[in-house]
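Biologist: Can you walk me through this fold? Short answers are fine.

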Amino acid sequence: MMEIVYTGEMDPRMCKTVLGETIPTIAADDPDVIYLDADLMSCIGTGKWAKENPGRAVNCGIAEANMTGVACGLASAGFKPILHTFGPFASRRCYDQVFLSGGYAKNDITIIGTDPGVTATMNGGTHMPFEDVALYRAIPGATVIDVTDPACLVSALRQCVNRPGVKYIRVGRKQYARVYADGSELPIGKAVTLRGGKDAVIFAAGIMVHEAMQAAKTLEGEGIQAAVVDLFTIKPLDADAVEHWAEKTGAVVAAENHNRHGGLYSAVLEVLAERCPVPAACVAVEDEFGEVGPQDYLQERFGLTAEHIVSQVKAVLARKG
């Protein structure tokens, strides 16, 4: 069951609260699930539960590579580890361990990287991963998810725990626009069409789904019908959906809170190049590092806004002829 309830309003819950509730629930349902954290339990609300369940939760300290090794060892013994730390530390800091001890050794681990891209806000450029998706996409057999809202987070996490291979879930800790009803089931690897359109399609993931919906509303007022498709699973990408909408509209824009190199835009372009070459553009971070600032400033600074999507759709339509 999946229900779209988007109105443009923010979900009242913070995603860190949802994580703090969902991880213990999953662990209660499955005795093989074990939770590991790099000294950030207080940041996602698992601290109290961890103290009450020391056999199910392990604080590995600020040692992300070691945490990954411990998780992979547990996986090899039949456990289902869920790891959490901030996005940059869940990707580039422990990448070799994830790649070899996780992917290459075929150990099934679920990694949650919080505050990806501009959602890192005041933690600054050092904590602002724009490259995490590209890194995880390069791991054979990996699953890469950019969460849309709390309902998507719960659905994806529950699936990932029992899914083989390396799974990477990137999600901000604060509020997201509400897109799906609670209890919605969003199958990994399947795109969700949020609105139809005949002139262009906007493929979006993560926080950019909300921006894409706002952009489509603006475009509609100008007589342009733009479809919006949620590609929350960046790997494995729903190539059939990309091909379908590319053929239907002949104009593609990909909107993402990542670097344009190796992320959602690259994944979409690979499908277009092989199946349906059409004019395409992206709304993404260019070849830049992050910086300190509130999220609204950073989205404007890096062009991750509905207004920028509108301009890119118009530019692609001009090329479409």
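**Strands first**

Modeller: This is a predicted model. Let's begin with one strand pair: strand 3 (residues 80–86) and strand 4 (residues 109–114) run parallel and share 5 bridges.

Biologist: Which residue stands opposite threonine 85 in strand 4?

Modeller: Glycine 113.

Biologist: What sheet do those two belong to, and in what order do its strands come?

Modeller: An open sheet of 7 strands, ordered 2-1-3-4-6-5-10. Its pairing is mixed.

Biologist: Which strands are at the edges?

Modeller: Strand 2 (57–59) and strand 10 (233–235). Each of them pairs on one side only.

Biologist: And how many degrees does the twist average?

Modeller: From one strand to the next, the average is 20°.

Biologist: Remind me how strands hold on to each other.

Modeller: Strands in a sheet pair by backbone hydrogen bonds, in a parallel or antiparallel sense.

Biologist: OK, next sheet. How many strands are in the one that starts its order with 7?

Modeller: That open sheet has 5 strands, in the order 7-9-8-11-12. The pairing is mixed here as well. Strand 7 (192–195) and strand 12 (280–285) are the edges, each pairing on one side only. The twist averages 25° between one strand and the next.

Biologist: Do strand 8 and strand 11 pair parallel or antiparallel?

Modeller: Parallel. Strand 8 covers residues 200–204, strand 11 covers residues 252–259, and 4 bridges link them. Within that pair, isoleucine 202 faces valine 253 of strand 11.

Biologist: Which strands does helix 11 touch?

Modeller: Helix 11 packs on the sheet and touches strand 8, strand 11 and strand 12. Its direction makes about 145° with that of strand 11.

Biologist: What about helix 13, where does that lie?

Modeller: Helix 13 (residues 306–320) lies across strand 8, strand 11 and strand 12. It runs at about 160° to strand 12.

Biologist: Back to helix 11. At what angle does it pack with helix 10?

Modeller: About 65°, with the axes 10 Å apart. Helix 10 is residues 239–249 and helix 11 is residues 264–275. Is the crossing right-handed or left-handed, you'll ask? Right-handed.

Biologist: Which side chains should I click on there?

Modeller: On helix 10, pick Ala239, Asp240, Val242, Glu243 and Ala246. They meet Val268, Val271, Leu272 and Arg275 of helix 11.

Biologist: How many of those contact residues are nonpolar, and how many charged?

Modeller: The contact has 6 nonpolar and 3 charged residues, with no polar ones.

Biologist: New topic, odd backbone. Where is the cis peptide bond?

Modeller: It joins lysine 235 and proline 236, and omega is about -5°. Proline 236 sits in the loop between strand 10 and helix 10.

Biologist: Which residue has a positive phi although it is not a glycine?

Modeller: Aspartate 39, with phi about 65°. Find it in the loop between strand 1 (33–37) and helix 2 (41–44).

Biologist: Last thing, holes. How many cavities of 30 Å³ or more turn up?

Modeller: A search of the whole structure finds 1. The largest cavity holds about 50 Å³ of space.

Biologist: Which residues line the largest cavity?

Modeller: Asp115, Thr119, Gly172, Arg173, Lys174, Gln175, Tyr176 and Gln295. The lining divides into 4 polar, 3 charged and 1 nonpolar.

Technical notes
Residues numbered from 1 in each chain as written. Predicted model: local features only at pLDDT ≥ 70, side-chain atom pairs only at ≥ 80, totals over all residues. Heavy atoms only, no water. Axes fitted to C-alpha atoms, helices over the stretch in contact; angles between N-to-C directions. Helix = DSSP H or I, 4+ residues; strand = E, 2+ residues; numbered from the N terminus. Left-handed = near helix turned anticlockwise from the far one by under 90°. Contact = heavy atoms within 4.5 Å. Nonpolar A, V, L, I, M, F, W, Y, C, P; charged D, E, K, R; others polar. 1 Å grid on protein atoms, 1.4 Å probe; cavity = no way out; pocket = protein on both sides within 12 Å on 5 of 7 lines; lining within 4 Å. Points joined across faces, edges and corners; volume = space filled by probe spheres on them. Pairing = 2+ DSSP bridges.
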